[in-house]
Each structure stands twice: as structure tokens, then as C-alpha cells.
Amino acid sequence: MKPFRYQRADDVPGAVGMLAQAPHGAFLAGGTNLVDLMRLGVATPDLLVDVRRLACDRIEELPDGTLRIGATVTNGELAADRRIRRRYPVLSQALLSGASGQLRNVATTGGNLLQRTRCVYFQDLTTGCNKREPGSGCPARDGHHRELAILGWSEACVATHPSDMAVALAALDAVVRTRGPDGERTVPLTELHRLPGDEPERDTVLRHGELITAVDVPPLAWAARSAYRKVRDRASYAFALVSVAAAVDVADGAVRDVRIALGGVAHKPWRATTAEQVLRGAPATAERFRVAAEAELAVARPPAGNAFKVPLARNILVATLLDLADVPS
């Protein structure tokens, strides 16, 4: 591991100021992803600014019913929170499917959103990787890409974003709050992460030194009928081949409203807006659910080794909607 300096921040402005003076520094919270990458030599920050003890460790209900989740709230605390379990079961389920209890007790909300890809070439310094070293190529395109993207990928990168929590938050229209050298701003969760384009090294729209301070989940009464379903290679903790986060409002046999996001299929959590448009106002039937899933996946471009993900995504989306709408298959 490359030597680095360590500083502990006492407040948010102090943390932002420390990193602003270190172009190659990084924020450190739980470190469950960053420290692994440092051990591999993939991440080589020369300064770590510890933000774990900042006053961002609470879940608060705002006057309009929004739940504000502090960036250093652990995944374990968030999954166990009664308000989350009652109002947004999709989020609690996503967190519980994402890692072991030991990791959930360390990993933080902000850090979970900023996980790097688990592509084997990204983590292997003996190979090229445009995400790790721009211009060095993407060996995954012609190599091992079974777990990688089928939507939104580019010639430069076919990696996927690994967070389960981010998929659920994308479906819930969550908003990320940040503080950076230029002040505070809010970013819709669906706009936080980027598709790779010709700059796959940029995972998010955050600027250097910009710190996530909280995530706001807006009130959505019918999100109590929501679920997260994840398909993976083994029953133990593993990253998603395909996952679905969905919330459905059904009345009188019709879909009044719906929120859907897919995981394991793109460089970012994939909000299924096409499927949502097909479903709103339509009959809540198995046939309509299949039509919506096929419409969403019509733009999929799977590499040769993971074409199975297209029917897998379709089937898991339909099955999840059927369960939530409580209609026969």
C-alpha cells in the first residue's frame, strides 16, 4: 500500500477545506471499498480525510415527511430503522441483500453510493482498464464480462455499478445533498452516477472535494408496497447479476403509479422510465407487465457473454411486479 497522510475532520467545512488542498486526496468513512482498493494499488490517495465522526449520523423526519439520512449512517442502522422498514421496505431489503452484517455495521450511506466497480480488470493492475487508467483499453469487452453491463455501456467501458442501496434510492426519487468548495447543492440520485461515455474514470458528477452530507427520501405513501429482488450467482452475499427495485400503486385493477429501477445492468442504477410510462394507467396484468419489461429492455446491447441478462431482467421485473400487484401470473 502506498504511504499516505491521515487527518480527522471536526466538521463538514473543515473536511471540505482539507481535501480542497489535496488534489490526490480522498474522504474516508467506513472504508469498506476504498481500503480494499488501496491494498490492491488501484486507489493511491496521498491524504485520507476521516469524515466518520462528523454530525451526519442521524435519520431525521422533516416537516413535509421527507426522511433525511445522514451520510455516515451505517447500512446496518438504516436497514433496521422502523420508519425505513415500514415506509420504504424496498430500501431495507436492498441493504440486507448487499453485504454481511459485519460490513453493514461499518459501511456508510455516503460511501455505499460511491463504491467503485467490481470489474475484475479494474482491480487487476497487470491489465489495462480505461476506468483505472484512461486510454489503456477495456479488456472486458472481449474478455470476461458475464457480470457486466447490457445497457448504456460504451466502447470505453462495460462496467456496472455495484450498490444495491443506490438502486432502491433511484426508484424512490431520492436526492443527494452535498457540500463542496463551491458551497452546497442537491443532486437527484438518478443523476448522481454517470454512464461511461468516453470518460469511464468518472463514476459520478461530484467534483473533487465535494462531500455527500445526506440523502433525502421524499414521502411516497404507496412506497409501503415496494420490494427489492436480486439474482446472484450464489445464495451467500454476492453482487447482483440483475436486481429490481419497484414500488407500485394499484387500484381497481389498474396501475395508478409506479417506480422501477434496475441494478447489475449498467454503469449506474438504471431508472426504468420507459417501463413506468407503459404501465401508468394500464391494467395491472401479467401481459402488461411483460410488455413494459420488453419495452425497457429493447435498447439493451448485451456483449456476447451476458446476453442471458436480457431475459433474466425481463423475468425478474415481471415477477416482482406480479407479487407487488397481487395478481396471478
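Partly exposed describes a residue whose relative accessible area lies between two limits: under 20% is buried and over 50% is exposed. These words recur throughout this tour of a predicted model.

**Stop 1: Arg194 and Glu199**

Select Arg194 and Glu199 together. Their side chains meet in a salt bridge, with 3.9 Å from N to O. Glu199 has a relative accessible area of 32%, so this residue is partly exposed. Arg194, by contrast, is buried, with a value of 15%. This pair belongs to a structure that holds 24 salt bridges. Side chains of opposite charge can pair in this way when their charged atoms come close.

**Stop 2: Lys131 and Asp203**

Proceed to Lys131, which forms a salt bridge with Asp203; the closest N and O atoms are 2.5 Å apart. Colouring the chain by secondary structure helps in locating the two partners. Lys131 is in the loop between helix H7 (109-113) and helix H8 (164-171), while Asp203 is in the loop between helix H9 (189-192) and strand E8 (211-217), so the pair ties together parts that are 72 residues apart in sequence. Are these two residues buried or exposed? Lys131 is buried, with a relative accessible area of 5%, and Asp203 also counts as buried, at 15%.

**Stop 3: the cysteines**

Next, display the cysteine side chains. How many disulfides does the structure hold? The number is zero. Start with Cys129, whose sulfur has its closest cysteine sulfur in Cys119, at 6.0 Å, which is too far for a bond. A disulfide requires the two sulfur atoms to be within 2.5 Å. Cys157 is likewise in no disulfide, the nearest cysteine sulfur being that of Cys138, 5.5 Å away. Cys129 counts as buried at 8% relative accessibility, and Cys157 is buried at 5%.

**Stop 4: the four-stranded sheet**

Now select strands E9 to E12. They make up an open sheet of four strands in the order E9-E10-E11-E12, with antiparallel pairing. At the edges are strand E9 (226-231) and strand E12 (270-271), each of which pairs on one side only. Helix H5 (residues 89-98) packs on this sheet, where H5 touches E9 and E10, and the direction of H5 makes about 25° with that of E9. In general, the strands of a sheet pair through backbone hydrogen bonds, either parallel or antiparallel.

Within the sheet, focus on strand E10 (residues 242-251) and strand E11 (residues 254-263). These two strands run antiparallel and are joined by nine bridges. Asp249 has Asp257 of E11 as its bridge partner, and Ala251 stands opposite Ala254 in E11. The hairpin of E10 and E11 has two residues between the strands, and Asp252 there takes a positive phi near 55°. E11 is mostly covered, as eight of its 10 residues are buried.

Follow E11 onward to E12. The pairing of E11 and E12 is antiparallel and extends over two bridges. Ala261 has Arg271 as its bridge partner in E12. Six residues lie between the strands in the hairpin of E11 and E12, where Gly264 takes a positive phi near 75°.

**Stop 5: the network around Arg271**

Keep Arg271 selected and add Glu276. The two residues form a salt bridge, their closest N and O atoms being 2.6 Å apart. Both Arg271 and Glu276 are buried. Which residues are linked with them in a network of salt bridges? The network consists of Asp173, Asp257, Arg259, Arg271, Glu276 and Arg280. Asp257 has already appeared on this tour, as the bridge partner of Asp249.

**Stop 6: helix H12 and Asn315**

Finally, turn to helix H12, which comprises residues 309-325 and includes Asn315. H12 lies across E9, E10 and E11, running at about 35° to E10. Within the helix, select Asn315, which is partly exposed with a relative accessible area of 43%. The side chains of Asn315 and Arg314 are joined by a polar contact of 3.3 Å. To place Asn315 in the wider model, draw a distance to Gly70: the C-alpha atoms are 35 Å apart in space, and the two residues are 245 residues apart in sequence.

Key: Residues are numbered from 1 along each chain as its sequence is written. This is a predicted model: local features need pLDDT of at least 70, side-chain atom pairs count only at pLDDT 80 or more; totals for chains, interfaces and linings use all residues. Side-chain values use heavy atoms; hydrogens and water are left out. Buried means under 20% relative accessible area, exposed over 50%, partly exposed in between (1.4 Å probe, protein chains only). A polar contact is a pair of N or O atoms within 3.5 Å; within protein, one must be able to donate a hydrogen and the other to accept it, and residues adjacent in sequence count only if both atoms are side-chain atoms. Two strands pair if DSSP finds at least two bridges between them. Contact means heavy atoms within 4.5 Å. Axes are lines fitted to C-alpha atoms, for helices over the stretch in contact, and angles run from 0 to 180 degrees between N-to-C directions. A salt bridge is a side-chain nitrogen of Lys or Arg within 4 Å of a carboxyl oxygen of Asp or Glu.
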